[in-house]
Structures are given as C-alpha cells and as structure tokens.
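Biologist: Before I rely on words such as pairing, buried and pocket, I would like to hear what each of them rests on. Could you take me through them one at a time?

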Amino acid sequence: MINIALLGFGTIGSGTAEVLKVNAEACKAKAGDEINVKYILDLRDFPDSEFGDRVVHDYDVIVNDPEVKVVVEMMGGSHPAYEFSVAALKAGKSVVTSNKEVVANFGCELLALAKENNVRYLFEASVGGGIPIIRAMTESLAGNEICEINGILNGTTNYILTQMKTYGKTMAEALKEAQEKGYAEANPDADILGIDACRKICILSALAFGELVASDLVMTKGITEITTEDVEKAEANGQAIKLVARAAKTPEGKLYMAVSPVAVNNDNPLSTVNDVFNAVLVRGNTLGDVMFYGAGAGSLPTASAVVADIIDICRCLGNQPEQQQWTKSENVTSEMTAEMAADYAKRVGTPLC
Ligand code: HSE
C-alpha cells in the first residue's frame with residue numbers, strides 16, 4: 001500500500017479522493033500498488049463524508065509520518081502552500097500540486113529542492129485543468145524547439161465570454177454561474193483580470209524555454225472591459241473574442257509574453273473553444289502547430305490530472321527520474337515586432353490591447 005496525503009478538501013481535493021476511489025483498481029494496476037489516502041489536511045471537518053475520518057488539522061502529523069510518500073497540495077494561494085511543499089520535499093516526500101500560483105511564483109526553488117532530495121515536484125493540474133499539457137510539453141514535444149504558445153487557459157473567462165456571445169448574458173450573470181459550477185477562483189478577480197491565465201502562461205513558457213518569468217513582468221489585461229457589443233462586432237468581422245495568453249521568442253531572442261482579449265480569426269481553432277474548455281496551441285519548429293483541448297476547470301477533470309501525477313510518482317518510488325530545472329528570467333517584452341504582429345494577425349487574430 002502506498003500512503004498519500006491530500007492538502008485541501010475543496011473542489012479539487014474532494015474530486016481527487018473521488019477519482020482515487022472510483023478508479024481504485026485501475027490506479028492500483030498502473031501505480032503497482034494500492035494508493036491509500038491516509039490523511040486529508042483541512043481547516044474544516046467533514047463528518048458527512050466517507051473520507052471524514054482521515055481529516056487532520058495539524059500538518060506536522062503528515063510531514064513527520066514516514067509512511068506518507070506523496071503530499072498532494074490543492075490548497076490554493078501561495079501561503080502556507082509554499083511552506084508546506086518545502087517541508088514535504090525536505091522530508092523526502094514527492095509533491096503533486098494543482099496550485100498554479102505556487103508553481104508560477106516558486107517553481108525554480110521547488111524544482112531544485114525536489115532534485116536535492118531525490119523526489120519530484122509535479123504540477124500537471126496547474127495548467128489547463130484535465131488537459132495533459134505539462135507532460136506533452138516536457139516529453140512529447142521534446143524533439144522540437146517551441147516557437148510560440150497561444151492558450152485559452154482560464155475556464156471561467158472562457159465560460160463567461162461564451163455565455164455573453166451565445167445567450168447575450170451579462171458578465172455578472174455568467175460569472176455567478178461559473179462560480180456555482182466550481183470553475184472560479186476563491187477570489188474571481190484572479191480569473192476576470194487575467195491573473196490566473198498569466199500564471200499559467202508563465203508555467204508553460206518556463207517548460208518551453210527553461211526560464212521562469214515573474215508574472216508581474218507580463219502585460220496582463222482581463223475581460224472586464226469587454227461588452228456584448230464588442231462580442232457582436234467581432235462576430236460580424238468573422239472573429240471571436242477570447243482571452244489568449246501568449247508566449248513566443250522574438251527575432252532578437254527575447255521572450256514576448258502577454259495576456260489579453262484577442263479577436264481570434266474564425267479559421268483559427270482557438271475561435272471554436274467554448275464554455276469551460278481550454279486549449280493550448282503550440283508551434284514547434286519541426287511539428288508545426290498542435291492543439292491540446294479539454295476541460296480547463298472543474299472538480300473531476302482537474303482531479304484526473306492530479307491522479308495522473310500521483311500514479312507517475314508511485315510507479316517510481318525510490319527512483320524518481322530527474323526533472324527539468326528552471327532559472328528566473330527578466331528577459332521579457334510585451335511588444336511584438338511589426339513583422340511578428342502582421343504574421344500573428346493573419347494566423348491567429350488581433351490583440352485588443
Ligand atoms: N479558476 C480557474 C479557471 C480554475 O477558471 O480556469 C482552473 O485553474
């Protein structure tokens with residue numbers, strides 16, 4: 001039996017416990033042994049849940065238990081999620097996370113710490129919900145130099161824009177629905193202001209280019225100023241407004257990064273990505289364009305990515321493969337060259353700022 005601990009029993013934490021239960025046999029076969037949720041750390045108690053007896057309120061119980069091999073951090077926010085991750089890695093436990101804020105802010109340190117302690121720090125669920133994009137970037141696209149990434153990386157804003165376009169709903173109405181469906185962040189400003197998408201493109205560009213840019217260096221504009229009229233005007237022009245996070249190498253070797261609404265041309269596949277779905281369009285120098293598509297938020301889709309990381313670690317207990325290391329970089333610009341902008345307008349669309 002392989003013991004793990006879940007930190008946080010909210011939307012993703014409870015979904016992870018559910019996936020591990022529903023797919024217990026398949027997970028066991030793939031992990032090589034039964035995966036047992038020994039502890040669940042949360043401030044609350046869950047007397048009505050079948051997992052209620054695993055709940056603890058003191059993190060030391062988990063970090064000091066040598067039987068726990070994997071700590072799964074699904075708390076949200078930077079602190080204490082970062083400190084808990086550091087403590088787990090130093091205690092020789094691998095860490096799985098869905099927490100894009102921690103990966104974007106502290107990915108360099110945590111990857112280095114995992115290496116130092118011969119364990120792994122995995123974060124498949126931090127970008128694109130259930131879409132297997134992290135492994136694709138690190139493994140499946142290894143034979144490419146990545147030239148450009150365009151991503152619809154926030155399910156809440158994509159849901160809102162789709163509801164505005166299809167049903168003429170207001171932003172406030174659609175946001176309320178996204179919150180009810182469990183898509184939005186605890187503070188939905190992170191969604192609608194583009195901050196969440198920005199953290200995710202920082203993670204993807206670090207995977208592509210090995211350099212992690214601090215999210216506050218990236219020009220970021222959300223969807224708050226988009227009106228129903230803008231949506232209709234774009235439609236009349238053969239375009240659809242999407243919040244697109246982008247990263248590309250400029251001809252001078254700088255990293256171009258930005259997040260803002262883009263009027264996406266209808267012949268670009270990103271234009272057809274609707275509701276809570278996310279998509280990541282990656283351009284590789286040997287492959288050309290490839291698009292990854294799937295549910296970008298929500299309990300079970302995100303848990304699916306979390307469980308994949310847990311299984312991956314369980315399969316390699318005692319002998320974790322080395323991971324890519326990142327360095328911090330400030331080599332970033334929010335300006336495309338005129339040539340890049342003209343090419344982008346043809347292939348993808350028109351950034352609205
Ligand atoms: N609030 C996020 C979103 C959750 O809407 O995409 C998934 O990261």
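Modeller: Two strands pair if DSSP finds at least two bridges between them, and strands themselves are DSSP runs (E, at least two residues; helices are H or I, at least four), numbered from the N terminus. This is a predicted model, in which local features need pLDDT of at least 70 and side-chain atom pairs count only at pLDDT 80 or more, while totals for chains, interfaces and linings use all residues. Residues are numbered from 1 along each chain as its sequence is written, and side-chain values use heavy atoms, with hydrogens and water left out.

Biologist: What makes β5 and strand β6 (residues 121–122) a pair?

Modeller: They are joined in the parallel sense over 2 bridges, and the rule asks for at least two, so the pairing is accepted. Val 96 stands opposite Leu 122 in β6. From β5 the chain reaches β6 through helix α5 (residues 100–116), and this β-α-β crossover is right-handed, a term used if, with the strands pointing away from the viewer, the path from the first strand over the helix to the second runs clockwise.

Biologist: How do you know that both faces of strand β5 (residues 94–97) are covered?

Modeller: In a regular strand the side chains alternate between the two faces of the sheet. Ser 94 and Val 96 on one side, and Val 95 and Thr 97 on the other, are all buried, which means under 20% relative accessible area with a 1.4 Å probe and protein chains only.
Strand β4 (residues 68–73) also pairs with β5 in the parallel sense, over 4 bridges, with Val 96 as the bridge partner of Val 72.

Biologist: Why is the space of about 50 Å³ called a cavity?

Modeller: On a 1 Å grid over the protein atoms alone, a cavity is a set of points where a 1.4 Å probe fits but cannot get out, whereas a pocket is an open set with protein on both sides within 12 Å along at least five of seven lines; lining residues have an atom within 4 Å of a point. The count comes to 1 cavity of 30 Å³ or more, and the lining of the largest cavity includes Leu 161, Val 231 and Asn 274.

Biologist: Which residues lie closest to the centre of the largest pocket?

Modeller: The largest pocket holds about 960 Å³ of space, a volume being the space filled by probe spheres set on the grid points, which are joined across faces, edges and corners. Of its 49 lining residues, the closest to its centre are Met 74, Met 75, Gly 76, Glu 185 and Ala 186. Helix α10 (195–209) gives the most to this lining, with 4 residues.

Terms used: Buried means under 20% relative accessible area, exposed over 50%, partly exposed in between (1.4 Å probe, protein chains only).
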